[in-house]
Amino acid sequence: MKIDNKPWFWIPLLNFASGLPYAIIISVSVIMYKNLGISNEDIGVYTSLLYLPWVVKPLWSPLIELIGTKRKWFLSMQLLISTAFLLVGLAIPTNGFFMMSLAIFWVAAFASASNDIATDGFYLLVLPEDKQSFFIGIRSTFYRLSMLAGNGLVVLFAGYLEHKYGDNTKAWSYTMICVGLLMTFITVYNFIFTPKNEINAVESKKETPHQNFGTIFISFFKKKQIGLILAFVLVFRLGESQLLKMLSPFLLDGKELGGMGLDTEAVGIIYGTFGVAALTLGGILGGIAISRHGLTKWMFPMFLAMHLPIIGFILLAFFHPTSIYYIYAVVILEQFGYGFGFTAFMMYLIHVAEGESKTAHYALATGFMALGMMLPGMLSGYIQKFLGYQNFFIWVLIATIPGLILSRFLVFPKDFGKKS
């Protein structure tokens, strides 16, 4: 059996297992802490610090490149993540839950970052290059679907339990325990269905016996246009990094604070229904577009599709429409644009990782991306408090401009990503 046989059986859930922990740790934790009484400023700082493992993951990515198989790495990390979420659920009802849960999330974040490294490497090594451009859209879609499962279905479930028990602490404790059990099921599924023989990976190591910890790092920083590449990766998500941290507080805060005044269950419904459908459609169409015409034709239009929907949140902040359908419309546009546009960014990172040591180089690129998410996110709560929600969303839109400008100077093969 070919190791890339039936990739539809393993690519979706393998990438779901990368996105779900990230969603819980980075996004759902924001809603959880908001409903458990933590301030916007503390939420912005402490949940953004949870990005750090994704920032520094290149420091240990060569170990995953050189020791063991990618499959053993991601299965063991997924099991550790499952255990961590169960422990968070048990910690929430205790005194000092905030710091205790943050510490456990910290461990889960390191495991999740390691899982990402192994998963990315597994994908790059076992799937032929002519299939990668199509399945990058599928990867992106299921990664984002897992995040919407967190921000949508998990939040909806927590909101239901809040109403049922009238106790946010109990609701979120039970929710996190259920998330841990779900992650355990996904880990078992990946154990059964992922290819078990990394033939391409073994051959790669035989062809490059000179590789070691130092040469892997040095070869990355010798890439053509590396200064421009790093600048682009660092600033491309400058606006998004702040939007993601303050979007849920905006929807949950009362109108007297400039928010939309929704409850937890409503936020979960919005992201878990039409948001899921829009994201799925956007990601699939993005992968198809690149596989047919190449990245050059679609990169800039895709980036615009990703960023322009921020205008919708500006309008919500200024006019506060009473009908929830306006919020649905904005979220649908934002999720479709994100699914469509982020596919181009992921495809470009695959180009950056081309050559020897794909796993480690992809980890380095995404580590710089995470740094570009962490630092602005830490300041987002203070910026929002200073500007108010209306001006904050205007600032977020302006913050997307540097990445758009730098993208016009990137050089890569004209038909990169086009299916041969």
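**Reading burial, patches and salt bridges in a predicted model**

Modeller: Let us start with F319, which lies in helix α16, and keep in mind throughout that this is a predicted model.

Colleague: How should I read the surroundings of F319: is this residue buried or exposed?

Modeller: A residue counts as exposed when its relative accessible area is over 50%, and F319, with a relative accessible area of 63%, is therefore exposed. Sequence separation can then be set beside distance in space: F319 and F191 are 128 residues apart in sequence and 50 Å apart, C-alpha to C-alpha.

Colleague: Which residues make the nonpolar surface patch that includes F319?

Modeller: The patch covers about 1,100 Å² and is made by L304, L308, I311, L315, F318, F319, I394, W395, I398, I401, I405 and F409. Two or more of its residues come from each of α16 (310-319), α18 (358-398) and α19 (401-407), and the largest share, 4 residues, is given by α16. When you look along such an element, it helps to recall that an α-helix has 3.6 residues a turn, so residues three or four places apart point the same way.

Colleague: For L90, how do the separation from I177 in sequence and the one in space compare?

Modeller: L90, whose place is in helix α5 (residues 70-91), is 87 residues from I177 in sequence, while the C-alpha atoms of the two are 7.4 Å apart. L90 itself is exposed, with a relative accessible area of 56%.

Colleague: Let me turn to the interior; where does T194 lie, and which residues does T194 touch?

Modeller: T194 is in the loop between α8 (168-193) and α9 (199-207), and with a relative accessible area of 1% this residue is buried. Once residues up to four places away in sequence are set aside, T194 touches W10, L14, R71, F74 and F122. There is a polar partner as well, since a polar atom of the T194 side chain lies 2.6 Å from the backbone oxygen of N190.

Colleague: How many salt bridges does a search of the whole structure find, and what is the distance between the closest N and O atoms of K385 and E41?

Modeller: The search of the whole structure finds 4 salt bridges. In the one between K385 and E41, the closest N and O atoms are 2.9 Å apart, and this pair links distant parts of the chain, with K385 in helix α18 and E41 in helix α2 (residues 40-49), 344 residues apart. The partners should be read separately for burial: K385 is exposed at a relative accessible area of 60%, whereas E41, at 15% relative accessibility, counts as buried.

Colleague: And which parts are tied together by D120 and R139?

Modeller: The side chains of D120 and R139 meet in a salt bridge of 2.6 Å, N to O. Because D120 lies in helix α6 (residues 97-126) and R139 in helix α7 (residues 129-165), this pair ties together parts that are 19 residues apart in sequence. Here D120 and R139 are both buried.

Colleague: With which residue does R237 form a salt bridge?

Modeller: R237 pairs with E240, their closest N and O atoms being 2.7 Å apart, and both residues are buried. E240 has its place in helix α12 and, at 6% relative accessibility, falls under the 20% limit for burial. A polar contact of 2.5 Å also joins the side chains of E240 and Y338, and, leaving aside neighbours within four places in sequence, E240 is in contact with M306, Y338 and M373.

Colleague: Why is α12 described as largely enclosed, and where does this helix bend?

Modeller: For enclosure, one counts the buried residues of an element: 13 of the 15 residues of α12 are buried, so this helix is largely enclosed by the rest of the structure. Helix α12 (residues 238-252) bends by about 35 degrees at M246, and a proline, P249, follows within four residues. S241, also found in helix α12, is an example of burial at 0% relative accessibility. Its contacts, again without neighbours within four places in sequence, are G372, M373, P376 and G377. By comparison of positions, S241 and G180 are 61 residues apart in sequence and 26 Å apart in space, C-alpha to C-alpha.

Conventions: Residues are numbered from 1 along each chain as its sequence is written. This is a predicted model: local features need pLDDT of at least 70, side-chain atom pairs count only at pLDDT 80 or more; totals for chains, interfaces and linings use all residues. Side-chain values use heavy atoms; hydrogens and water are left out. Buried means under 20% relative accessible area, exposed over 50%, partly exposed in between (1.4 Å probe, protein chains only). A polar contact is a pair of N or O atoms within 3.5 Å; within protein, one must be able to donate a hydrogen and the other to accept it, and residues adjacent in sequence count only if both atoms are side-chain atoms. Contact means heavy atoms within 4.5 Å. Patches are made of residues with over 30% relative accessible area and no salt bridge: like charges are joined within 9 Å, nonpolar side chains (Val, Leu, Ile, Met, Phe, Trp, Tyr) within 5 Å. Accessible areas come from the Shrake-Rupley method with a 1.4 Å probe; for residues, only the protein chains shown count as cover. The bend at a residue is the angle between axes fitted to the seven residues ending there and the seven starting there.
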